[in-house]
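I opened the model to look up how its strands pair and how its helices pack, and I kept these notes as I went.

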Amino acid sequence: MRTREADLLALAMKAAEEHPDLTALVVDLSQVPHIDDPAFFRVLSGRLQERARQLDAQRFDLADHRICFVVRSSAATALTSAVKSLSALLVAHGKPPIGETHFSLQSRPEPFLTVCREMARAVEARPDFRAEDDEDKALAAFLSIERNLASADISNLLREQAIVDLSDPAAPSVLAIEISTSIQAIQKLYGIPLSRNPWLFDRITEILDRRMLHHLSRDRARTDRRLSINIHLSTILSDIFETFLLDQRFDWRRHLIFELSHIEMIDAPDRFAAAVRRLAEQEATVAVDAVPWTSLQHFVEASPEIRFIKVEWTPALANLSAGDRAMLSQTLDKIGRHRVIAYHCPDEAAVTAALELGLHLVQGWGVDARLSAPPPTDATTQPSAGKRRPNRRRA
């Protein structure tokens, strides 16, 4: 349940004496953008764990999204290949590669011991060390959070952001409101840094999935707005989701978009296809989230069951060559511009660049700023008497 710096240090001390024919591979996921996204972290760590299990590797979960695998030296190359393959996938998504450090416990046990001591000291120096390193307290924290969330109103843990249609920039319209649970709010409310406890982190995200569905059925039952939520494949394929689909209080067919992770689509294509089939059978609206713009061409032949494709904004999009802009434009035409959403637009310059590329469905702080900006004051842009300005109210 807790991170295992102390266990890894004990192994390193023993290795320094015995020089076993083992290799330690320290994998650092902390620099991957959005690693705090529960679905994202679960997919990455799960993919590595599957290969590590096949190679009989020991796994040590460490603080701040780091993992150490200890494996027979003869199997180290295969495990390293799995890490590099996952790293290449991240690079293809426009993210930095995974940090990795190798140590031969037979020929280089001392450097590994030094690193393990530094990690153990760093964890012990943290103010929350005692509470987090006590398994009983970690379990008690989980039971307390589970008990509280089971009946609590989670409205104060939710964050909302509009997905806006700027086909007519003078008259923006809200396509949907994305609602998501805030891990940061959970951490602040209960005083537990979940990133330091992988077991607790994973359990809490499962609870939040269930609570989101309950919140929609109960607290959003009378909404007149279209909503969008991120949801894990495991939740869609669960009995809990079946119960949600049968609940008559919330007209989810009319008011809800289900966002599925692109990285889960790549990592578990069969499960992804099964989830899409389940949603399609129920006439649900499906979106694929976190698609890099360089992968858009793979969606030219995407099933019509996938209604929206969310492309993460990157500064590179504002500086495309003429050839790349033409290729992107052709791809958008083939997919359908009404299906592609540019999200994480950080500022108004990004929104402007997206519009110039023909991306008129947008989301992000830059969109929020654009909607909340006061209307132009120049006399030539003032509406005539008796006419109302376009509705710029944030949902």
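I count two strands as paired if DSSP finds at least two bridges between them. I also keep in mind that this is a predicted model.

**Entry 1, the sheet.** With that rule I looked up strand β1 (residues 22-28) and found that β1 and β3 pair in the antiparallel sense over seven bridges. On its way along the sheet I noted one pair by name, V27, whose bridge partner in β3 is I67. I then turned to strand β2 (residues 58-62), which is joined to strand β3 (residues 66-72) by five bridges, again with the strands running antiparallel. Here D61 is the residue that stands opposite I67, so that I67 has V27 as its bridge partner in one pairing and D61 opposite it in the other.

Putting the strands in order, I read an open sheet of four, β2-β3-β1-β4, with antiparallel pairing. Which strands stand at the edges? They are β2 and β4 (99-104), and because each has a single partner strand, one side of each is left without a neighbour in the sheet. From one strand to the next the twist averages 15°.

**Entry 2, the hairpin.** Between β2 and β3 I found a hairpin with three residues between the strands, and in it D64 takes a positive phi near 60°.

**Entry 3, the helix pair.** I next looked up helix α1 (residues 5-18) and helix α4 (residues 109-124), whose axes come within 9 Å and cross at roughly 155°. Angles over 145 degrees count as roughly antiparallel, and α1 and α4 are therefore roughly antiparallel to each other. Their crossing is left-handed. For the contact itself I listed residues on both sides: α1 brings, among others, L8, L9, A12 and M13, while α4 brings residues including F112, L113, C116 and A120. Sorted by class, this contact has 14 nonpolar residues, two charged ones and no polar ones.

**Entry 4, helices against the sheet.** I checked which strands each of these helices lies across. Helix α1 lies across β2 and β3 and runs at about 130° to β2, whereas α4 lies across β1, β2, β3 and β4 and runs at about 130° to β4.

**Entry 5, one threonine.** Is T80, in helix α3 (residues 76-92), buried or exposed? Its relative accessible area is 12%, and since buried means under 20%, T80 is buried. Leaving out residues up to four places away in sequence, I found T80 touching L25, E100 and H102.

How values were computed. Residues numbered from 1 in each chain as written. Predicted model: local features only at pLDDT ≥ 70, side-chain atom pairs only at ≥ 80, totals over all residues. Heavy atoms only, no water. Axes fitted to C-alpha atoms, helices over the stretch in contact; angles between N-to-C directions. Parallel < 35°, antiparallel > 145°, perpendicular 65-115°, else oblique. Left-handed = near helix turned anticlockwise from the far one by under 90°. Contact = heavy atoms within 4.5 Å. Nonpolar A, V, L, I, M, F, W, Y, C, P; charged D, E, K, R; others polar. Buried < 20%, exposed > 50% of the residue type's maximum accessible area, 1.4 Å probe, protein only.
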